[in-house]
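Visitor: Hi! I'm new to this one and would like a friendly tour. Could you put it up on the screen?

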Amino acid sequence: MTEKYPFSKGLAGVPAAETVLSFINGQEGKLYYLGIPIEEWAEHSTFEEVALALLLRRLPKKDEMKMFNAALRSARELPPEVIDFILDLPPDTHPMAALRTVVSLLEAYDYDAKLEDLEAKFRISVRLIAKFPTIVAYFDRARKGLELIPPDPTLGHAANFLYMLKGERPSDYEARVMDIALILHADHGMNASTFTAMVIASTLSDMYSAITGGVAALKGPLHGGANERVLKMLKEIGSPENAEKYILDKLAKKERIMGFGHRVYKAYDPRARILKKFAEELTKRSEFYQTAVKVEEIMIREKGAKGIFPNVDFYSGLVYNALGIDTDLFTPIFAIARVAGWTAHVLEYLEDNRIFRPRAIYKGEIDKKYIPIDER
Ligand SMILES: CC(C)(COP(=O)(O)OP(=O)(O)OC[C@H]1O[C@@H](n2cnc3c(N)ncnc32)[C@H](O)[C@@H]1OP(=O)(O)O)[C@@H](O)C(=O)NCCC(=O)NCCS
């Protein structure tokens, strides 16, 4: 009806909030957390430090880091009732559905969820960041009929996750690669899952509801689910020689190539560049890796001029695959990292909250007559 308001499908380019947490320069392919380039975080920091920096909106001091590390380690375990629930889930449940449901369930076991102050929401944020790897690892082992491995408080966040998943301690290199993958996925400005979490929180619903919504939004293949599909595609292609025909056929049919394109980046995603290096090292330039590089080459040749380049999902799948992680855990790993960004954005927004309430452009008719059901 009224066209007074500017309309942008999918809210493309529409600012929905102000933030100091992260900034994407899409034209130049740059990403910053708190103004610091992602490459610096990847080189010098840990996921734990990134998470606390996002929650505090500044670089943490030494004693703050010490307390946060201790708080994370002591909050990793799940309530026994929740563990029983995970053990009872049908083994063919998608791990993202398991994660979403367990995050929602955790609210029932946390007294802080009933409190409305930001301090309680901060405490819940720390607990959620601590528990995400445990939920994913427990569910994965439960569905495989394997014994659950309790968290090891002597290990850092990334190393502990790999340990709980596989039952053996990862090498320092493997733990560091996982740590960097988590750093790279910790936040990404305004995006579908962060926005979902913020919309829920803006109604003054609770942190568990907001983060459950974030997990639900991330589950979709246009957001977090793309790296699973990248791996499936690379398996279908099989070898570098088959890539040209496969990609050109798909493009001719106007199909999307997973792991390429981004609403904001119109240049090479800086996170993909970092992950590509690890994919190369971990796979020792396997045929699989070479197929990916060939696909990248073809896509940049065909679509680079339109600003379509590899995004973070293109190489993350190869990295996780080389670490021996099942394909359907890729998106849950994204969530393990992104819960830091979700909680930080929610806390930031709630400091000056206003409920999200956009408009729809009504395209229907008005003043129509009601027709009784027998006369339609
Ligand atoms: C990420 C994504 C959803 C962004 O979508 P968007 O900002 O809405 O971009 P649009 O859908 O408007 O696409 C713009 C143009 O680029 C093309 N395009 C975008 N991504 C493409 C891809 N992966 N493969 C082939 N063509 C692509 C579209 O077909 C469209 O072409 P047209 O103008 O000729 O119709 C989209 O690039 C995509 O579907 N990528 C694959 C999934 C993926 O990797 N997601 C993870 C993101 S981190």
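Guide: Happy to, and please keep in mind that this is a predicted model. A good place to begin is the largest nonpolar core, which has 106 residues. Val-50, Leu-54, Ile-211, Leu-275 and Val-319 are the ones that touch the most other members.

Visitor: Which helix gives the most to this core?

Guide: That is helix 16, residues 330-350, with 13 residues. The core draws at least three residues from each of domain 1 (19-222 + 326-350) and domain 2 (226-322).

Visitor: Let's pick Val-50. What is Val-50 in contact with, apart from its neighbours within four places in sequence?

Guide: Val-50 is in contact with Tyr-33, Trp-41, Ser-45, Ile-183, Ala-186 and Ala-340.

Visitor: Okay, zooming out. How many helices and strands does the chain have?

Guide: There are 16 helices and three strands. The radius of gyration is 22 Å, close to the 21 Å that the globule rule gives for 376 residues, so the chain is as compact as a globular protein of that length. Along its principal axes, the C-alpha trace spans about 70 × 60 × 50 Å.

Visitor: And what percentage of the residues is buried?

Guide: Buried residues make up 43% of the 376 in the chain. As for contacts between residues at least 6 apart in sequence, 77% of them join residues at least 24 apart.

Visitor: Back to those two domains. How far apart do the C-alpha centres of domain 1 and domain 2 lie?

Guide: The two centres are 26 Å apart. Where the domains touch, 21 residues come from domain 1 and 22 residues from domain 2.

Visitor: Which elements give two or more residues on the side of domain 1?

Guide: Those are strand 2 (30-33), helix 1 (38-44), helix 8 (172-185) and helix 16. Helix 8 has the largest share of that side, five residues. By type, the residues of domain 1 that touch domain 2 divide into eleven nonpolar, six polar and four charged.

Visitor: You mentioned a strand there. How are the three strands arranged?

Guide: They form an open sheet in the order 1-2-3, with antiparallel pairing. Strand 1 (22-25) and strand 3 (36-37) are the edge strands, and each pairs on one side only.

Visitor: How many bridges join strand 1 to strand 2?

Guide: Four bridges join them, and Phe-23 stands opposite Tyr-32 in strand 2. Strand 1 and strand 2 also form a hairpin with four residues between them. In that turn, Gly-29 has a positive phi of about 70°.

Visitor: What about strand 2 and strand 3, how many bridges there?

Guide: Two bridges, and these strands run antiparallel. Tyr-33 stands opposite Ile-36 in strand 3. This pair forms a hairpin with two residues between the strands, and Leu-34 in the turn has a positive phi of about 50°.

Visitor: Which residues of strand 2 are on the covered face, and which on the uncovered one?

Guide: Leu-31 and Tyr-33 make up the covered face, while Lys-30 and Tyr-32 are on the uncovered one. That fits a general pattern: in a regular strand the side chains alternate between the two faces of the sheet. You have met Tyr-33 already, as one of the residues in contact with Val-50.

Visitor: Nice link! Now for a helix: is helix 7 mostly covered or uncovered?

Guide: Helix 7, residues 157-166, is mostly covered, with nine of its ten residues buried. Among the buried ones are His-157, Asn-160, Phe-161 and Tyr-163.

Visitor: What covers the buried residues of helix 7?

Guide: The covering includes helix 2 (47-56), helix 3 (62-74), helix 6 (118-143), helix 8 and helix 16. Just after helix 7 comes Gly-167, which takes a positive phi of about 80°.

Visitor: One last stop: where does Glu-302 lie?

Guide: Glu-302 is in helix 14, residues 287-303. Glu-302 counts as partly exposed because 15 other C-beta atoms lie within 10 Å, and a buried residue would have 20 or more.

Visitor: And how is Glu-302 placed relative to Met-65?

Guide: Their C-alpha atoms are separated by 46 Å, and the two residues are 237 residues apart along the chain.

Definitions and conventions
Residues are numbered from 1 along each chain as its sequence is written. A nonpolar core is a set of buried Ala, Val, Leu, Ile, Met, Phe, Trp, Tyr and Cys residues joined through C-beta atoms within 7 Å. A residue is buried if 20 or more other C-beta atoms lie within 10 Å of its own, exposed if 12 or fewer, and partly exposed in between; C-beta atoms are placed from the backbone. Domain bounds come from an automatic or database domain assignment. Two residues are in contact if their C-beta atoms, placed from the backbone, lie within 7 Å. The radius of gyration is taken over C-alpha atoms; the globule rule is 2.2 Å times the number of residues to the power 0.38. Ala, Val, Leu, Ile, Met, Phe, Trp, Tyr, Cys and Pro count as nonpolar, Asp, Glu, Lys and Arg as charged, and the others, Gly among them, as polar. Two strands pair if DSSP finds at least two bridges between them.
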